[in-house]
Amino acid sequence: MAEGAKIPATTITHLECAKCAKTHAHDTLQNLCDCGGPLLARYDLARAARTLDRDALKSRGATMWRYAEVLPAAEPVTLGEGMTPLLRAARLGKRIGLDALYVKEEGLNPTGSFKARGMSAAVSRAKELGAKALAAPTAGNAGGALAAYAAQAGIPCVIVMPVDTPSANVMECRAFGADVRKIAGLISDCGRYVAENKTKEGWFEVSTLKEPYRIEGKKTMGYELWEQFDGKLPDVVIYPTGGGVGLIGMVKAFDEMETMGWIGSARPRMVVVQATGCAPIVEAFASGAESAPFWENAATIASGLRVPKALGDFLVLAGIRATGGTAVAASDEEMLGAGRELASLEGIFAAPEGAATVVAARKLVTNGWIKPRESVALFNTGCGYKYTEAWQRALTGN
């Protein structure tokens, strides 16, 4: 918040299971519902709307905590996350065939990715509720973010990651003082390790959607889009999807904004992009399924997309369909080429996941799903500097 400004109070009322709708208290540490469903934070949005509006936001600090009324009750553990730039990509747009193409540059968050948002909210609330140690599986950026925010909060943390996690992610976790444990396998195997050991080791688990507040931090991307599009929203949002929390969060944000009277019922068409080597959501969407089966032998250079089974897959699929969206796959080679294109045309050094959105945009313009005059927001979810192995391959072919 701006220096001297009074931080507004949260209006959170309870947690609600996304599967069975059972309510839970928000003033105690919570993981999943008894039925195994993820918990979603609910707010008194009528009360929030009395203090949270465009005029009020003008005097608030440029972090995600400017939306305090619709964030968890906690003294923020913050490194300045949020309010990342929305960049006009005119040259790339011209090449693809779009008049109004934008990139939401999440690589400029602390620790170089959008994961900072979710971990700021999750660690803030975990500290407020007395967690003594934190743990999470990660394919890369979530680990660095958790390690950084745990360090800021003064709470020990354990990061469990596959042995082939990009080296920059491993180094940052260790630099922040985390206990890094490597597992032979995928993020699903790391998740199993955390689940099996958390009770005996005294960890509070902050895995994707296994606690309620990472989604709350991620949803602020949707609020920022509304501000940056001057009280409107783009026609299309293209989002790289592994666990899918960012997409789920933005759909949640749009619903909250409508309830508060900020927008009407129209929504951006939400587009999921995944890797051809790990595309469970893409295949489930195409088949009409409500959830996705486990993707065997997942493989892609985009470590954040190497999620063979997302806990919130049913919420991602519901969000795509509710907004009239779609799902697209991009190959590793397509991502590498698009990453070079985005960098050379727009000066944006993107993660492979971010580059995948360029691939999806081009395919959807080519087949007519996106019209030339529609406004399109691509999300680059991470900084390319953290993907030296992938960029080495993109630049040299090795």
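**View 1. Glycine 288, just after helix α10, has a positive phi of about 85°.** What you're looking at is a predicted model, in which local features need pLDDT of at least 70 and side-chain atom pairs count only at pLDDT 80 or more, while totals for chains, interfaces and linings use all residues. Residues are numbered from 1 along each chain as its sequence is written, and side-chain values use heavy atoms, with hydrogens and water left out. Helix α10 itself covers residues 280–287, and its buried residues include Pro280, Ile281, Val282 and Ala284. Here "buried" stands for under 20% relative accessible area, against over 50% for exposed and partly exposed in between, using a 1.4 Å probe and protein chains only. The labels for helices (H or I, at least four residues) and strands (E, at least two) are DSSP runs, numbered from the N terminus. Look around those buried residues and you'll find β11 (269–275), α11 (313–322) and β12 (326–330) among what covers them.

**View 2. Helices α10 and α11 pack at an angle of about 55°.** Their axes lie 10 Å apart; axes are lines fitted to C-alpha atoms, for helices over the stretch in contact, and angles run from 0 to 180 degrees between N-to-C directions. That angle makes α10 and α11 oblique to each other, given that under 35 degrees counts as roughly parallel, over 145 as roughly antiparallel, 65 to 115 as roughly perpendicular and the rest as oblique. The crossing of α10 past α11 is right-handed, meaning that the near helix is turned clockwise from the far one by less than a right angle, with anticlockwise being left-handed. On the α10 side you'll see Ile281, Ala284 and Phe285, and they meet Asp313, Val316, Leu317, Ile320 and Arg321 of α11. Sorted by class, this contact has six nonpolar residues, two charged ones and no polar ones. For that sorting, Ala, Val, Leu, Ile, Met, Phe, Trp, Tyr, Cys and Pro are nonpolar, Asp, Glu, Lys and Arg are charged, and the others, Gly among them, are polar. Contact simply means heavy atoms within 4.5 Å.

**View 3. Helix α6 (residues 167–175) has Ala168, Asn169, Val170, Glu172 and Cys173 as its buried residues.** Which elements do the buried residues of α6 pack against? They pack against helix α5 (141–153) and the strands β7 (157–162) and β8 (179–183). Follow the chain just past α6 and you come to glycine 177, with a positive phi of about 90°.

**View 4. Valine 251 sits in helix α9 (residues 245–259).** Is valine 251 buried or exposed? Its relative accessibility is 17%, so valine 251 counts as buried. If you skip the neighbours within four places in sequence, valine 251 touches Met270 and Gly319. Leucine 186, 65 residues away in sequence, is 28 Å from valine 251 in space, C-alpha to C-alpha.

**View 5. Strand β5 (residues 100–105) is mostly covered, with six of its six residues buried.** On one side of β5 are Ala100, Tyr102 and Lys104, and on the other Leu101, Val103 and Glu105, so to speak back to back: both faces are covered. In a regular strand, side chains alternate between the two faces of the sheet. β5 pairs with β4 (residues 86–88) in the antiparallel sense over three bridges, and two strands count as paired if DSSP finds at least two bridges between them. In β4, leucine 86 stands opposite lysine 104 of β5. Strand β13 (residues 375–380) runs parallel to β5, joined by six bridges, with alanine 100 opposite serine 375.

**View 6. Six strands make an open sheet in the order β4-β5-β13-β10-β11-β12.** The pairing in this sheet is mixed. At the edges are β4 and β12, each pairing on one side only. From one strand to the next, the twist averages 25°. Helix α12 (residues 332–346) packs on the sheet and touches β4, β5, β11 and β12. The direction of α12 makes about 95° with that of β12.

**View 7. Three strands, in the order β2-β1-β3, form an open sheet with antiparallel pairing.** β2 (23–24) and β3 (39–43) are the edge strands with a single partner each, so one side of each has no neighbour in the sheet. Strand β1 (residues 12–17) is joined to β2 by two bridges, and glutamate 16 stands opposite threonine 23 in β2. Between β1 and β3 there are five bridges, with leucine 15 opposite alanine 41 in β3. β3 is mostly covered, as four of its five residues are buried.
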